[in-house]
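Welcome! Let's take a friendly walk through this model, one stop at a time.

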Amino acid sequence: MSDAQRSSESAPVLEIRNATKLFGPVRALNGVNLELGHRQVLGLLGDNGAGKSTLIKAITGVHQLTSGEMLIDGKPVHFKSPTDAREYGIEAVYQDLALFDNLGIVNNLYLGNELTRPRRFRALGWLDRKAMEKDARRRLETLQVHLPSFSASVGLMSGGQRQAVAVARAVAFASKVLILDEPTAALGLRETRNVLNTIKELPEKYDISVILISHNMDHVVEVCDRAVIMRQGGVVGQLEPTEETMAEMVSLIVGATKQEV
Ligand SMILES: Nc1ncnc2c1ncn2[C@@H]1O[C@H](COP(=O)(O)OP(=O)(O)O)[C@@H](O)[C@H]1O
Ligand SMILES: [Mg+2]
């Protein structure tokens, strides 16, 4: 093994350096640094407007950074679109769900992904689609998502069902990094439990790292190895989420000093 290979294996899966994003006069990201380790489940926390969604959309190529760097396995990358991010095995479920309302579940699962096959399926050639479908169905079953029918248009489904499809789609196709922006916000108790259990088993089972955006501190404590707290476009703290650090997380989110709590 060469030194270069060795260093790329010890590098974080994903690293963001000094990321800035301006929307006209709005500074949505202001010098963000972030590291995501191998098989790590990272909680990304912050109040509304903190910059969480902007950060993950920069990671997935929906937005381009105004300045700053992004590295995958220690190598600089520039994603011009979500297709570029998918090439690297990065999948996301956005807060504002991006589903195709006029299409059914299966087509929603494969759209986009049929063009950019996850690496582990590439060697399969023309069998790709079948293998992908089998794998996706298996993961859908793991999530125990109860759907009216596989052929129903997504536009006719409830918010929770739509969210479940979006989560299943991302889980099925992520091969390196899975990003979930408030994935359980519209889900019922049982679906929420399934999503949390899936997040917990993904790293070991599929060698995947996860970024989870959530306002639910119990969920963060349960599934995340580390929490990064953002405020006003910057990272204001990082800690290990436990019952004991919950109060600290909340005060970092709202911007209170310890004396004020
Ligand atoms: N497409 C956009 N155009 C203009 N401003 C935006 C856009 N997206 C986000 N913002 C602004 O960037 C800031 C961060 O937003 P966002 O990343 O959505 O925060 P969060 O997800 O933490 O609630 C907010 O002030 C928001 O209004
Ligand atoms: Mg958001």
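Keep in mind as you look around that this is a predicted model. Our first stop is the shell around ligand 1, which is made up of four nonpolar, five polar and two charged residues. If you would like to find them by name, look for Phe23, Val26, Ala28, Asp47, Asn48, Gly49, Ala50, Gly51, Lys52, Ser53 and Thr54.

Which parts of the fold supply these neighbours? Strand S2, spanning 26-36, and helix H2, spanning 52-59, each bring at least two residues to the shell around ligand 1. Of the contributors, H2 gives the most, with three residues.

Now zoom in on the oxygen atoms of ligand 1. One lies 2.5 Å from an N or O atom in the side chain of threonine 54. The backbone takes part as well: a polar backbone atom of glycine 51 is 2.9 Å from an oxygen atom of ligand 1, and for glycine 49 a backbone N or O atom sits 2.7 Å from a ligand oxygen. How much of ligand 1 does the protein bury? On its own, the ligand exposes 550 Å², and the protein buries 61% of that.

Our next stop is the second largest pocket, which holds about 200 Å³ of space. It is lined by 13 residues, and those closest to its centre are Gln64, Leu65, Val77, His78 and Phe79. By class, the lining has five nonpolar, six polar and two charged residues. Strand S4, residues 67-72, gives the most to this lining, with four residues.

Definitions and conventions: Residues are numbered from 1 along each chain as its sequence is written. Chains are lettered from A and ligands numbered from 1 in the order in which they are written. This is a predicted model: local features need pLDDT of at least 70, side-chain atom pairs count only at pLDDT 80 or more; totals for chains, interfaces and linings use all residues. Side-chain values use heavy atoms; hydrogens and water are left out. A residue is near a molecule or strand if one of its heavy atoms lies within 4 Å of it. A polar contact is a pair of N or O atoms within 3.5 Å; within protein, one must be able to donate a hydrogen and the other to accept it, and residues adjacent in sequence count only if both atoms are side-chain atoms. Accessible areas come from the Shrake-Rupley method with a 1.4 Å probe; for residues, only the protein chains shown count as cover. Ala, Val, Leu, Ile, Met, Phe, Trp, Tyr, Cys and Pro count as nonpolar, Asp, Glu, Lys and Arg as charged, and the others, Gly among them, as polar. On a 1 Å grid over the protein atoms alone, a cavity is a set of points where a 1.4 Å probe fits but cannot get out, and a pocket is an open set with protein on both sides within 12 Å along at least five of seven lines; lining residues have an atom within 4 Å of a point. Grid points are joined across faces, edges and corners, and a volume is the space filled by probe spheres set on the points.
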